[in-house]
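These are my notebook entries on a two-chain model, written while I looked up backbone geometry, salt bridges and the contact between the chains. I put the structure here first and go through the entries below it.

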Number of protein chains: 2
Amino acid sequence: MPSDRKQFRDLAPPEEAHEAIASLDLEPGTEAIPLEEARGRVLAERVDAELDVPGFDRASVDGYALRAEDTFGADEADPARLELAGVVHAGERPDVEVEPGTCAEISTGAVVPPGADAVVMVERTDRVSRSETDSANGEPVSDREGEDVLVRTSLAPGDRIMFAGADVAAGERALGPGTELTAREVGLLSALGVSDVPVRERPKVAIISTGDELVRPGEELDSDAGEIYDVNSYTVATGVEEAGGVAELYPHAGDDYEEMERILTEAAAECDLVLSSGSTSASAVDVIYRVIEDSGELLLHGVAVKPGKPMLIGTVGDSAYVGLPGYPVSALTIFRTFVAPAIRQAAGLPEPRTATVAGEMAVEERYAEGRLRLMPVGLVEDESGETLVYPVDKGSGATTSLVEADGVVEVHPDTEYLAAGERVEVRLFSPDVRPPTVFGVGEDDPALSRLLDRLDRPRYLALGSREGLRRLRNGVPDVAVTSAPGEVGFDAEVLGTWTREWGLVVPSGNPDGVEGLGDLVDRDLRFVNRTSNSGLRTTLGNALADLAAERGVERHDLVEAIDGFDAGVRAHESPARRVLAGKADAGLGLRATAEALGAGFVPVGEEEVRVLGNPERTGKEGIERLREAISEATDLLDSLAGYGR
Amino acid sequence: MPSDRKQFRDLAPPEEAHEAIASLDLEPGTEAIPLEEARGRVLAERVDAELDVPGFDRASVDGYALRAEDTFGADEADPARLELAGVVHAGERPDVEVEPGTCAEISTGAVVPPGADAVVMVERTDRVSRSETDSANGEPVSDREGEDVLVRTSLAPGDRIMFAGADVAAGERALGPGTELTAREVGLLSALGVSDVPVRERPKVAIISTGDELVRPGEELDSDAGEIYDVNSYTVATGVEEAGGVAELYPHAGDDYEEMERILTEAAAECDLVLSSGSTSASAVDVIYRVIEDSGELLLHGVAVKPGKPMLIGTVGDSAYVGLPGYPVSALTIFRTFVAPAIRQAAGLPEPRTATVAGEMAVEERYAEGRLRLMPVGLVEDESGETLVYPVDKGSGATTSLVEADGVVEVHPDTEYLAAGERVEVRLFSPDVRPPTVFGVGEDDPALSRLLDRLDRPRYLALGSREGLRRLRNGVPDVAVTSAPGEVGFDAEVLGTWTREWGLVVPSGNPDGVEGLGDLVDRDLRFVNRTSNSGLRTTLGNALADLAAERGVERHDLVEAIDGFDAGVRAHESPARRVLAGKADAGLGLRATAEALGAGFVPVGEEEVRVLGNPERTGKEGIERLREAISEATDLLDSLAGYGR
């Protein structure tokens, strides 16, 4: 077997991995981009003002431009009277000069005309016709034509004027290098008339997934040949963009040396950083090793973290290189922990400030290995708003773990045990992550699945009735959903119930003429059962016990006679889909599923689905909203064949 | 004057403005986008799995696929021996069937071949040639050709196999409507082969700035005609994009009814929301009123907040409409407070979680008006890491306020007074905002300005030596920079000093033959001074006092004789630029400035620039970094004409 397995025995501590990545040169260059596209970018160099803002002495209010000395001593009772000599609007060149004893109407933002050294706001003035007479003596107040302005306050030079350059003066440092451009910096650049902004280039990151079995989403998949859709390319590319980089997807590389070398070398020539992932076969790892050693330098291989042990750090050509593990959760966790900070730094972006939350462990957790563990966790809030933290680690390459976790708890290599109730700090996947409003575990049921669409940010793990009840008893979820009959054996509040018709899903038209459970026992039919966590399987078991009693035989003997009883598939549609694919003659399922998929259906019975609430959290808003949604779900139950209250 | 002024007397409370905006229908439609572009978007509908993941029974480890029953009872000492019948790699269709007593080599991720029901990891096996002999009896262990595998453990059916659909089963609900798509959701969609993702359209927001004086950045500016660069269009557009909308910039609208109606109506037809801003002239507001009333509905005008009183909310055609105030800081504050939440909601994005920080007021602040005040504030950290909060409100349309503030404190209408030391909550402009590493106020100096480029996230307000000293005495900034001679009159630590040569900046070649300060007094020269906050002006005053003493006259008489002494410009390059523009014959300035701008220079003297540290914060890292940067700045001082230690 491959010799590289031994090479992981000397695992580097995580700090060394950080240092190795920091030693790689990711620094991108500089480019000029239009102001409209500058959001989120980082200034590559300082920007000095090349002009005064404002570029002229500017009126700060609507009113009249005047000579301050003409108003000395004026007040409410004894206004100064000035001849109105003209008007200046914003955006026009003044065609009036303010001589002593005169003024000009002026709009906010307009150029203060020559001669004026202050502006009075319109609220402190009155405008009078020159044909008005003086109220004291009946004489005309003026022998001139037109209008005058009475100014009822004294002004000092400079009042209500923003002088040229008062905001920003030509030659001033406006923004420093490294400034991230948000709305406000864009505003200042606009004011300075900067339309081409010198910014750091975003680091260009090549994404290469290795594995002959990978197919791009949207393309045809041949499952029988072991093909799977490529997850890491898109996940890591999105992570790269989130960190401020530009992701470039490259073709999948198989484990052929020439092909791998060609793709890695091409990617290295075009990008600042090359990321590979997904060497599920050991021989691909071997090939990558060889390519790195031939075309670059291997700085580090193997890091003492779980998940993610098989990380590679080095160079290919002139580019930095990091090899990520193959499982999606591992790849993304290692990417976020080690690579994203380096991309952000190269892009000039700060580490997100507030991406942690404190909570307490909802369950205990034990650790064996002496490695730093990056434990993916989910969050749930209790009734008081306290955050509870539970591990989410399928450890099996499951992509669902990606969305079932909210963040990561770093568990020190020396920690062997985390007690329930112990405080831990969770590094959130993003600062906006928050716990679901309601967290349920239990039966996979089509009505429930539609109900979830009516709730805001629910989380539901369809792990079956038995697992739902087990977890609810342990106090972690808000809700369990069960279709297994009988007492649950612990305190739980029923939030709502409905019924569903179950039976055998058969090919359309029921070509074998299946009539009921007896045929599974008596005839040579290939049957598809559900897994033992399924409430529906428990119901089937009870029905078979009834049949055994009827026939006067042991239930065990009936079960033994059914081809396929012991195995089982996890999800509610899977048996029906196997039947439709011709892989089985009958499957355990629901009338609703059979109708939805166009299969035949042989009814056997009806079972009750119960939604049970965590008795410690009856006041939690998300639980209350679920209760309401169930009580208002009559339309939804009516739309599903075989469903009722 | 315009009648609308009265209409703002009945100001609506802020809650009514929120409700009015909430009543507008911004809901965009649905579109399908490629998975590669899905980052940050929001699912418009639920996504169910249309296939099983994995699509086949998949080996979880490198090893051998076998029949579990063939290993029953096997252990380290007594391995089961199986004939190696073939090999299955990832991504290929098995061409081997595992018969009893045989096994097939298998790679992680490969299809478990027919007949096998378990996989043993390679570490628990040994491979032996069939020509090997049994160590016990010396006989050949096998009479067959090829290799055998020794399995040193017992396996149960299903071991190390991930069954088809175990991760996600066809028909399962994968992601709910309203889910924001980050790296992990993109990963799950990839696994499901979803290449076109149904997402909510981003709300389309029209941006219209009103005002005849506005010019787009990059175009020619005629300052003498009162033109200014348009700030609000770009600031608000960036804010719209930050909130998850799509900003569409429309041409500037003047205050002509037909033009305004045409642009507003066109924008309303094309967008979900129309935002206008910048009606600096009252008549433009009048026109907008009339257009809204003719083509839509005005729901609310005038809100009891400061800044931002003149907000309009209504509809134009089928689109929502909000009119923002004209000053950039006011427009952005009102946008963020009232409009951005509505855009985020329409886009389906959550409110940012942690965009607040608590701090204490660094200074006292008094309030007169009974309006909610959205006070822009800056942040500075003291030595212990406590956040201090100080108001930033030039209240004059200054665009520099945009970048000098870090967030907003909401001050209740009934609050008349905030004491220094009082706790306040700051709503940050974005969750990533953090206080500058070092905050300085003081003299506008070219060497300092370049020094700042060498620091990480500094903030410096070039308000002059006098203002710097005043603020440092009040304890707000970390640092003051002064070029005024003499004692500062309070405790402050000198972090570093340098000298600069000052004098008179004259046109290139010094055509008037200016020889010194005496010429300003004795000849008819137009002089440009700096403002009284400038340390350089103080130095000039001292030099004139010396000249007066020399001549045996009063200093006052000399000053009176200088044309332009009393007025002054704020920034260090401004006098030189006025001279170069032919608007003056001599300006107060530095040799470095004159050389940089290609002007002539008449030296008068040398002054010392002192960088003074807040004595309460001598241990602060940012201050220490500045001290180091000054001591290492010899290259920088050498590069500036007239500078030295």
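**Entry 1: a positive phi in a loop.** I looked up B:Arg160 and found that it counts as partly exposed at 40% relative accessibility, where buried means under 20% relative accessible area, exposed over 50% and partly exposed in between, with a 1.4 Å probe and protein chains only. B:Arg160 has a positive phi of about 60 degrees although it is not a glycine, and I located it in the loop between β9 (147-151) and β10 (161-162) of chain B; helices (H or I, at least four residues) and strands (E, at least two) are DSSP runs numbered from the N terminus. I noted the same kind of entry for B:Asn510, a non-glycine residue with a positive phi of about 50 degrees, in the loop between β32 (493-506) and α11 (517-522) of chain B. Most residues other than glycine have a negative phi, and most peptide bonds are trans.

**Entry 2: conventions.** This is a predicted model, in which local features need pLDDT of at least 70 and side-chain atom pairs count only at pLDDT 80 or more, while totals for chains, interfaces and linings use all residues. Residues are numbered from 1 along each chain as its sequence is written, chains are lettered from A and ligands numbered from 1 in the order in which they are written, and side-chain values use heavy atoms, with hydrogens and water left out.

**Entry 3: the loop between β9 and β10 again.** B:Ala156 also belongs to the loop between β9 and β10 of chain B and is partly exposed, at 35% relative accessibility. Which residues does B:Ala156 contact, leaving aside its neighbours within four places in sequence? I found B:Ala68, B:Asp117 and B:Ala118, contact meaning heavy atoms within 4.5 Å. I also noted that B:Ala156 and B:Val120, 36 residues apart in sequence, have their C-alpha atoms 9.9 Å apart.

**Entry 4: cis peptide bonds.** In chain A, I found a cis peptide bond joining A:Val53 and A:Pro54, with omega about -10 degrees, and A:Pro54 lies in the loop between β2 (47-48) and β3 (58-59) of chain A. In chain B, the peptide bond from B:Val53 to B:Pro54 is cis, with omega near -10 degrees, and B:Pro54 is in the loop between β2 (47-48) and β3 (58-59) of that chain.

**Entry 5: salt bridges within chain B.** Over all chains the structure holds 73 salt bridges, each being a side-chain nitrogen of Lys or Arg within 4 Å of a carboxyl oxygen of Asp or Glu. One of them pairs B:Arg152 with B:Asp126 at 2.7 Å, N to O; because B:Arg152 lies in the loop between β9 and β10 and B:Asp126 in strand β8 (residues 125-129), the pair ties together parts that are 26 residues apart in sequence. B:Arg152 is buried at 18% relative accessible area, whereas B:Asp126 is partly exposed at 34%.

I then looked up B:Arg454 and B:Asp635, whose closest N and O atoms are 2.8 Å apart in a salt bridge. B:Arg454 is in the loop between α9 (446-452) and β30 (458-461) of chain B and B:Asp635 in helix α17 (residues 634-638), so this pair ties together parts 181 residues apart in sequence.

**Entry 6: the contact between the chains.** The contact takes 114 residues from chain A and 113 residues from chain B. Together the chains bury about 8,900 Å², 53% of it on carbon and sulfur atoms; buried area is the accessible area (1.4 Å probe) that two parts lose on being put together, summed over both. Across this interface the rule finds 10 salt bridges, and B:Asp406 forms a salt bridge with A:Arg184, the closest N and O atoms being 3.9 Å apart. I also noted a network of salt bridges that links A:Arg46, A:Asp48, A:Arg173 and B:Asp453.

**Entry 7: symmetry.** A rotation of 180 degrees with 0.0 Å of shift along its axis superposes chain A on chain B with RMSD 0.1 Å, the fit being by least squares on the C-alpha atoms of residues with pLDDT of at least 70 in both. The two copies are thus related as by a two-fold rotation axis. I found that 98% of the interface residues of chain A are also interface residues in chain B, so the copies meet through the same surface.
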